[in-house]
Amino acid sequence: MPRTSTPPASRSTEPRTPYSNEEIYARIQKAVLEHRLAPGTKLIEERLADVSGVSRTKIREVLNKLAHEGLVTLVPNRGAFIASPSVEQARDVFVTRRMIEPEMARLLSEQATPAQVRALRKHVKLEGDARKRNDRPAIIRLSGEFHVLVAEMVGNEILVRMMRELAPLTCLVITLYDKPNAPACPHHEHDDLIDAIEAHDGARAAACMLEHLQHIEATLNFGVIKEASPDIEAIFS
């Protein structure tokens, strides 16, 4: 009789490699950027520790960092929650962005290299591909990352740090207040901005950025707050 072979061990029995603090932080931040973690979502330490393969101490370290950046609110005796910006805070986010980003665009237009322009256009192409797929989470994330990319190209580390905090905060605001079927980030406006940067036209680049931010804020309805159901496991899958 033929010998029955022993089936290989299931991969699911292999020990899971724990995530680093940086990976956990990045995945939570990405989930916020993609609207997969809604404002007000409770981040249960034990659950996060289980799905990420780390201790609750490590999870607390990540949550403390996110709280420092305004993405998480720590409530004594209740736990950690994804921040839920008030209308006043939401407006403050856009006031801050209007103060910073037009000048950021002007600075980049003065020094942009052909390689940087190509990188910006490549990023916008990814946005366009996501729109063709109707992949709203990817659209939202890529739109926010575009603004961070502009800051990185300027080369000011303080500016980069601020934009990395403002982009996810803006996504929280959009999650709470965006109007149904309204584009949170009009796609052609990124192209217009890149055109101005490539032409080294600082005044036009600043104007494009300001108009762009005004359009984003105009898509918001500050009279309505929406809710969404979180999927913690999906963040680490």
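Biologist: Which helix is the place of Ser52 in?
Modeller: Ser52 sits in helix H2, which covers residues 45-52. Keep in mind that this is a predicted model.

Biologist: Is Ser52 buried or exposed?
Modeller: Buried. Its relative accessible area is 0%. The cut-off for buried is under 20%, so Ser52 counts as buried.

Biologist: What does the side chain of Ser52 reach?
Modeller: The backbone oxygen of Leu48, at 2.6 Å.

Biologist: New topic. Where does Ala151 lie?
Modeller: In helix H6, residues 136-154.

Biologist: And is Ala151 buried or exposed?
Modeller: Ala151 has 0% relative accessibility, so it counts as buried.

Biologist: Which residues is Ala151 in contact with, leaving aside neighbours within four places in sequence?
Modeller: Met104, Asn156, Leu159, Val160 and Met163.

Biologist: Take Met163. How many residues apart in sequence are Ala151 and Met163, and what is the C-alpha to C-alpha spacing?
Modeller: They are 12 residues apart in sequence. In space, their C-alpha atoms are 6.9 Å apart.

Biologist: Now the helices. What describes two packed helices?
Modeller: The angle between their axes and the distance between those axes.

Biologist: OK, at what angle do H4 and H6 pack?
Modeller: About 55°, with the axes 9 Å apart. H4 is the helix of residues 87-111.

Biologist: Why is H4 called oblique to H6?
Modeller: Because of that packing angle of about 55°. It falls outside the ranges for roughly parallel, roughly antiparallel and roughly perpendicular, so oblique is what remains.

Biologist: Which hand does the crossing of H4 and H6 have, left or right?
Modeller: The crossing is left-handed.

Biologist: Which residues make the contact?
Modeller: From H4, they are Arg97, Glu101, Met104, Leu107, Leu108 and Gln111. From H6, they are His147, Val150, Ala151, Met153 and Val154. Ala151 and Met104 are thus both part of it.

Biologist: How do the residues of that contact divide?
Modeller: For H4 with H6, there are 7 nonpolar, 2 polar and 2 charged.

Biologist: Switching pairs. How do the axes of H1 and H7 cross?
Modeller: At roughly 45°, and the axes come within 8 Å. H1 is residues 21-33, and H7 is residues 157-177. That angle makes H1 oblique to H7.

Biologist: Which residues meet there?
Modeller: Gln29, Val32 and Leu33 represent H1. They meet Arg164, Ala167, Pro168, Cys171 and Leu172 of H7.

Biologist: And by class, what does the contact of H1 with H7 have?
Modeller: It has 6 nonpolar residues, 1 polar and 1 charged.

Conventions
Residues are numbered from 1 along each chain as its sequence is written. This is a predicted model: local features need pLDDT of at least 70, side-chain atom pairs count only at pLDDT 80 or more; totals for chains, interfaces and linings use all residues. Side-chain values use heavy atoms; hydrogens and water are left out. Helices (H or I, at least four residues) and strands (E, at least two) are DSSP runs, numbered from the N terminus. Buried means under 20% relative accessible area, exposed over 50%, partly exposed in between (1.4 Å probe, protein chains only). A polar contact is a pair of N or O atoms within 3.5 Å; within protein, one must be able to donate a hydrogen and the other to accept it, and residues adjacent in sequence count only if both atoms are side-chain atoms. Contact means heavy atoms within 4.5 Å. Axes are lines fitted to C-alpha atoms, for helices over the stretch in contact, and angles run from 0 to 180 degrees between N-to-C directions. Angles under 35 degrees count as roughly parallel, over 145 as roughly antiparallel, 65 to 115 as roughly perpendicular and the rest as oblique. A crossing is left-handed if the near helix is turned anticlockwise from the far one by less than a right angle, and right-handed if clockwise. Ala, Val, Leu, Ile, Met, Phe, Trp, Tyr, Cys and Pro count as nonpolar, Asp, Glu, Lys and Arg as charged, and the others, Gly among them, as polar.
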